[in-house]
Amino acid sequence: MNFVHTLEHHLLDHVYSHVSAGPLSFRFSKHLLVMWIAAAVAAASFVAAGQMARRGKRNRWVLFVESLAVFVRDDIVLPNLGEEGRAYLPYFLSTFFFILLMNLMGLVPGSATPTGNISVTAALAVCTFFMINVAGVREHGFGGYVKSLVPHGMPVWLLPLMYPIELLGLLTKTFALCIRLFANMIAGHIVILAFLALIFLFEKVWVAPLSVSAALGISLLELFVAFLQAYIFTLLSAIFVGGAVHSH
Amino acid sequence: MVWTVVTFAGLAFVLARFAWKPILAALDAREDSLRQSAAAADKAQKAAEELRRSYEAQLAGVESKTRDLLAHAESQARALKEDLARTAHAQAERIIDESRKKWADEEQRLLRDLRADVARMSLLATEKMLRRGLDKPFQDRLMQEALGDFEKWAAPKP
């Protein structure tokens, strides 16, 4: 058995078709398909909950979505953004549920994990980067936001040094968001594949129960990590946007 | 990457418009109504407390008023009693005085009558003695007669 080939098969994307438009390339791949399925599931289920809530209906599904929305509102967004956070709340709710559903998709057999693709997490981080700057400009105006990037009361001669550092910090934060989600989602898959590969490396029957139970444990861990990473991505996004809104 | 941004932007737009807006509105409405009913309950409790305090104050007022009334009635009764006793005493004194005076008057009158009678008797006796002369035994007899008459008069009338 070719271990490298197996890993590539399970971890990397499968491109079904490819269209180039100038410098951009549009690929229709398995990760994109799964992402669209996740988006469709999110849209269908949450819009259904929203429409039921609008009609004043309150069944289990509406209450479930409401309780999750309350969690995102009271534990992620409002503590970091204050009352101004209400305007950004829909963005963070969408971020949380989109990432969560993509993470959970990876646990469906035969499916794939879009958040285990660095292009996807990079795109999500770019959205957060965009949100940080938009929120900063919205709250302080363009000049005020540029001024608020460096700490207040800085000596003028330090500014040429501070601006690159702060801008670099902004990029690093976003880059870390991208890498953290990607690495966390792919690491669990690698560990599961490694455990299962042990069976073929040893070629002994008694290895199978051990490997499969270990893989099962990691799968359960991945279920937890799916929620945890969606929470962390949203929480850090909220902290960064909050930092731009309430700059020192 | 472009696909992800496009998908996410579309999803965020659709969800914000059709899912989060109504859900968050419903949440806010429910939380508002909860806050309002809590405030209303608080207000009602305060009102009840106020009412209870006013009733207590009223009750205390009634109690003190009753006590005042009772004390007033008691003092009035005592005064009345004393007044009655005093009047009765004075009246009794007067009656006693009056009767004493009446008795004294009667006594005086009786004595006066007695004196007048005695004088008339002795006059009568003297007259009889003068008419019969100086016979001593006769004189004695007359005297005896006069005295007997007197005794008969002085004897208590039946």
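Colleague: How many residues of chain B are in contact with chain A?

Modeller: In this predicted model, 20 residues of chain B are in contact with 32 residues of chain A. On chain B, the side that touches chain A holds 18 nonpolar residues, two polar and no charged.

Colleague: What makes helix 2 and helix 3 of chain A roughly perpendicular to each other?

Modeller: Their axes cross at roughly 105 degrees, and angles of 65 to 115 degrees count as roughly perpendicular. Helix 2 (residues 30-54) and helix 3 (residues 60-81) of chain A therefore earn that description. The two axes come within 9 Å.

Colleague: Which residues meet there, in helix 2 and helix 3 of chain A?

Modeller: From helix 2 of chain A come A:Phe46, A:Ala49, A:Met52 and A:Ala53, and they meet A:Trp61, A:Val62 and A:Val65 of helix 3. That contact divides into seven nonpolar residues, no polar and no charged.

Colleague: Why is helix 2 of chain B called hardly covered?

Modeller: A residue is buried if 20 or more other C-beta atoms lie within 10 Å of its own. Among the 19 residues of helix 2 of chain B, the count that pass is zero. By contrast, 35% of the 248 residues of chain A count as buried.

Colleague: And what span does helix 2 of chain B reach, set against the expected one?

Modeller: Helix 2 of chain B (residues 136-154) reaches 26 Å from its first C-alpha to its last, close to the 27 Å expected at 1.5 Å a residue.

Colleague: How many helices and strands does chain A have?

Modeller: Chain A has seven helices and two strands, in the pattern α-β-β-α-α-α-α-α-α along the sequence.

Key:
Residues are numbered from 1 along each chain as its sequence is written. Chains are lettered from A and ligands numbered from 1 in the order in which they are written. This is a predicted model: local features need pLDDT of at least 70, side-chain atom pairs count only at pLDDT 80 or more; totals for chains, interfaces and linings use all residues. Helices (H or I, at least four residues) and strands (E, at least two) are DSSP runs, numbered from the N terminus. The expected span of a helix is 1.5 Å times one less than its number of residues. A residue is buried if 20 or more other C-beta atoms lie within 10 Å of its own, exposed if 12 or fewer, and partly exposed in between; C-beta atoms are placed from the backbone. Two residues are in contact if their C-beta atoms, placed from the backbone, lie within 7 Å. Ala, Val, Leu, Ile, Met, Phe, Trp, Tyr, Cys and Pro count as nonpolar, Asp, Glu, Lys and Arg as charged, and the others, Gly among them, as polar. Axes are lines fitted to C-alpha atoms, for helices over the stretch in contact, and angles run from 0 to 180 degrees between N-to-C directions. Angles under 35 degrees count as roughly parallel, over 145 as roughly antiparallel, 65 to 115 as roughly perpendicular and the rest as oblique.
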